[in-house]
Amino acid sequence: MPRGDVLASTTSLCPECLEQVPGRYEERDGGVFLARECPDHGTAARRVWGSHDHWEWAAAFGPDPEYDGGGLAVDDDHACLAVVEVTEDCNLSCSYCFASSGPGGDHRSTEELDALLDTVADAGGRPIQFSGGEPTVRDDLPELVERARDRGIDHVEVNTNGVRLATEDGYAAALADAGVTAIYLQFDGLTSETYETIREVDLVDEKHAAIEACRAADLPVVLVPTVVPDVNDHEMGDIVRFALENRDVIRSVNFQPVAHFGRYATDDGRFAIDTATRLLADQIESLEPRDMLPAPCCSAYCQIGTAFVPADADVDPAVTDGCGNDDDAGGCGCEEPSPDADAFVPLTQYVDDQLWDLLAGMVDEGDYMELLAGTAAGEEWACKTAGCCGVDVPGGVEGLFDEVVPVSFTGFMDADAADVNRLSNCCISVPTTDGELVPFCGYNMTTEDGEYALRNRHDWGGRETVDGSPPGAAAAGDDATEPTTGYAGDGGTVTGGGDAPGDGDAPGDGDAPDDGCGSDGCGR
């Protein structure tokens with residue numbers, strides 16, 4: 001393909017060897033490509049953004065990071081979230097899996113996990129997400145949550161496929177009692193066909209049962225769909241409506257378009273997050289693509305989102321009851337009405353681009369993750385910030401969180417879209433036993449031959465390739481529990497499903513190509 005107009009220069013990685021090479025963004029065919037030249041592997045160019053116009057618009061938001069030439073580590077005060085992998089075992093074995101986990105994998109020892117939690121605590125106790133593999137296959141997961149909380153880590157998510165939540169009575173309550181603040185639930189759609197295609201097993205009933213268990217335990221849920229083009233991208237609007245209808249327990253939705261990571265060994269079938277946003281806007285009447293605004297911390301090309309709020313929240317319970325009758329006339333005493341899903345609109349109807357940019361500049365990055373998870377700390381930050389800036393929404397900010405549902409897209413950066421500038425500014429980190437926080441996307445990035453970029457460095461506990469054995473795996477005598485052999489539901493023994501890290505995947509960085517070269521997102 002001929003060279004296009006150069007839009008910007010960066011430091012990239014060769015997708016063949018992951019060595020640093022010069023890179024440049026080019027406009028081609030109305031979209032944006034990342035091109036680079038490697039002295040050993042030649043030229044590579046991948047489409048990383050669907051629309052050049054949208055790329056230019058997004059550039060006005062958020063930071064413009066530059067790589068300083070140092071090691072790829074995340075600054076302590078910049079880490080929104082630390083992803084702590086507790087096991088390589090899983091009760092499913094997805095083809096979309098960052099860490100190539102599956103039944104029979106090893107657990108990390110408690111001693112190693114203590115070191116990882118110490119790394120997070122020493123970095124200021126940022127929010128963490130227990131992941132894997134499937135973290136709930138560890139019987140000691142509640143104790144691990146308590147160990148994190150004892151270190152002053154106040155926000156602890158569990159990234160899960162939800163199988164144990166759905167099938168074990170009292171498990172959701174046990175996690176809540178231990179101090180879990182949110183469940184990051186793999187939720188690819190609402191139909192059996194979607195799960196049978198993506199996970200190779202029908203998990204619809206388990207997903208609903210897991211949500212009901214969390215509802216009973218008063219445990220907030222974040223829905224995390226892995227979006228695969230022509231498989232479940234048509235369900236995105238329905239997933240948002242489902243979240244709005246169940247907003248008493250579902251606090252947000254984080255769509256993650258599939259990317260070329262780990263066990264997902266082909267680089268086709270993916271799409272950029274601006275393309276995914278346009279598809280979602282086609283499915284929700286009140287949403288426009290530019291209602292999805294870039295996140296305030298990592299990069300305008302890593303995460304975009306909005307919040308759905310009631311279009312008319314000015315219901316005064318002193319005037320009307322749930323039936324619309326006048327209370328003074330002896331109404332029926334019903335509860336105050338709550339808007340249905342179709343009555344919600346994007347927050348951008350009340351907050352314009354300029355005000356969003358102002359609010360984004362005031363955000364503490366840890367609070368941003370709390371806000372997405374719908375925790376009390378996130379609500380407190382949002383109310384304080386909105387009050388200072390005079391944000392005017394129907395019903396007032398204080399009552400807004402009874403109804404608001406954030407919806408976001410995370411585009412994880414695979415080797416096709418590798419931008420070292422953005423990696424060095426990644427706000428999603430992985431703690432190491434030697435005290436560093438490394439960028440999540442770099443930690444999980446693989447070459448086309450399945451070689452990891454960072455997992456195998458400095459004996460951090462990763463593996464060199466997606467098919468290799470990890471160094472330092474739990475040995476006999478560790479206090480890790482026995483691995484499971486797989487999940488047998490209505491479809492029998494599972495050969496596909498689940499992901500890593502965890503099974504709902506973590507927010508992250510970057511995007512990948514939009515055509516046959518690949519696209520954007522977090523594939524698992």
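Tyr-301 is buried, with a relative accessible area of 12%; the term buried denotes under 20% relative accessible area, exposed over 50% and partly exposed in between (1.4 Å probe, protein chains only). The structure is a predicted model, in which local features need pLDDT of at least 70 and side-chain atom pairs count only at pLDDT 80 or more, while totals for chains, interfaces and linings use all residues. Residues are numbered from 1 along each chain as its sequence is written, and side-chain values use heavy atoms, with hydrogens and water left out.

**Aromatic pairs**

A pair of aromatic rings is described by the distance of the centres and the angle of the planes. Here, rings of Phe, Tyr and Trp (its six-membered ring) pair if their centres lie within 6.5 Å; planes under 30 degrees apart count as stacked, over 60 as edge-to-face and the rest as tilted. By this rule there are six aromatic pairs, including the two tabulated below.

| Pair | Centre to centre | Angle between planes | Class |
|---|---|---|---|
| Trp-49 and Tyr-301 | 5.1 Å | 75 degrees | edge-to-face |
| Phe-255 and Phe-409 | 5.1 Å | 25 degrees | stacked |

Trp-49 belongs to strand 4 (residues 42–49) and Tyr-301 to the loop between strand 12 (293–294) and strand 13 (303–310), so their pair ties together parts that are 252 residues apart in sequence. Strands (E, at least two residues) and helices (H or I, at least four) are DSSP runs, numbered from the N terminus. Trp-49 is buried, its relative accessible area being 0%. Ring pairs also join Trp-49 and Tyr-301 with Tyr-25 and Trp-55 in a cluster.

The stacked pair likewise links distant parts of the chain: Phe-255 lies in strand 11 (residues 250–257) and Phe-409 in strand 15 (residues 405–410), 154 residues apart. Phe-255 is buried at 0% relative accessibility, and Phe-409 is buried at 0% as well.

**The sheet containing strand 4**

Strand 4 is part of an open sheet of four strands, ordered 1-2-3-4 with antiparallel pairing; two strands pair if DSSP finds at least two bridges between them. Strand 1 (5–13) and strand 4 are the edge strands, each pairing on one side only. Neighbouring strands are turned by 25 degrees against each other on average, direction ignored, with axes taken as lines fitted to C-alpha atoms. Strand 3 (residues 31–38) pairs with strand 4 in the antiparallel sense over seven bridges. The bridge partner of Cys-38 in strand 4 is Gly-42.

Methods: Axes fitted to C-alpha atoms, helices over the stretch in contact; angles between N-to-C directions.
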